Amino acid sequence: MELLTYIVEKGLVLIPALNILGALIKNIEKIPDKYIPLILLVFGILGAFGILGFSVDAAVQGVLITGAAVYGDQLVKQLKTE
């Protein structure tokens, strides 16, 4: 089961955008790392609303998109450490 099969094609553009936003937020020393996924979740849902319109489906897409972005980032980091 792949996460990306559940994300609409229009929403895929938000994944790299959230990765870039996460990298920018990580450089802000006043924001602890533990809050970055929550901040990205807000932006992911708002981005999905912007692309798909205001609906429950768009909110779910925002959660899935944010999950894919955060999971992908963590997967890359974990694979680099051995």
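A salt bridge here is a side-chain nitrogen of Lys or Arg within 4 Å of a carboxyl oxygen of Asp or Glu. This is a predicted model, in which local features need pLDDT of at least 70, side-chain atom pairs count only at pLDDT 80 or more, and totals for chains, interfaces and linings use all residues. Residues are numbered from 1 along each chain as its sequence is written, and side-chain values use heavy atoms, with hydrogens and water left out.

**View 1. Lys 26 and Asp 33 meet in a salt bridge.** Their side chains come together at 2.8 Å, N to O. Lys 26 counts as partly exposed (between 20% and 50% relative accessible area, 1.4 Å probe, protein chains only) because its relative accessibility is 40%. Asp 33 is partly exposed too, at 44%.

**View 2. Lys 77 and Asp 73 pair up within helix H3.** Helices are DSSP runs (H or I, at least four residues), numbered from the N terminus. The two residues sit 4 apart, about one turn of the helix, and their side chains form a salt bridge at 3.2 Å, N to O. Lys 77 is partly exposed at 35%, and Asp 73 is partly exposed at 31%.

**View 3. Val 8, Val 13, Ile 51 and Leu 52 form a nonpolar surface patch.** A patch joins residues with over 30% relative accessible area and no salt bridge (like charges within 9 Å; nonpolar side chains, namely Val, Leu, Ile, Met, Phe, Trp and Tyr, within 5 Å). Together the four offer about 280 Å² of accessible area, by the Shrake-Rupley method with a 1.4 Å probe, where only the protein chains shown count as cover for residues. Val 8 belongs to the segment before helix H1 (14-26).
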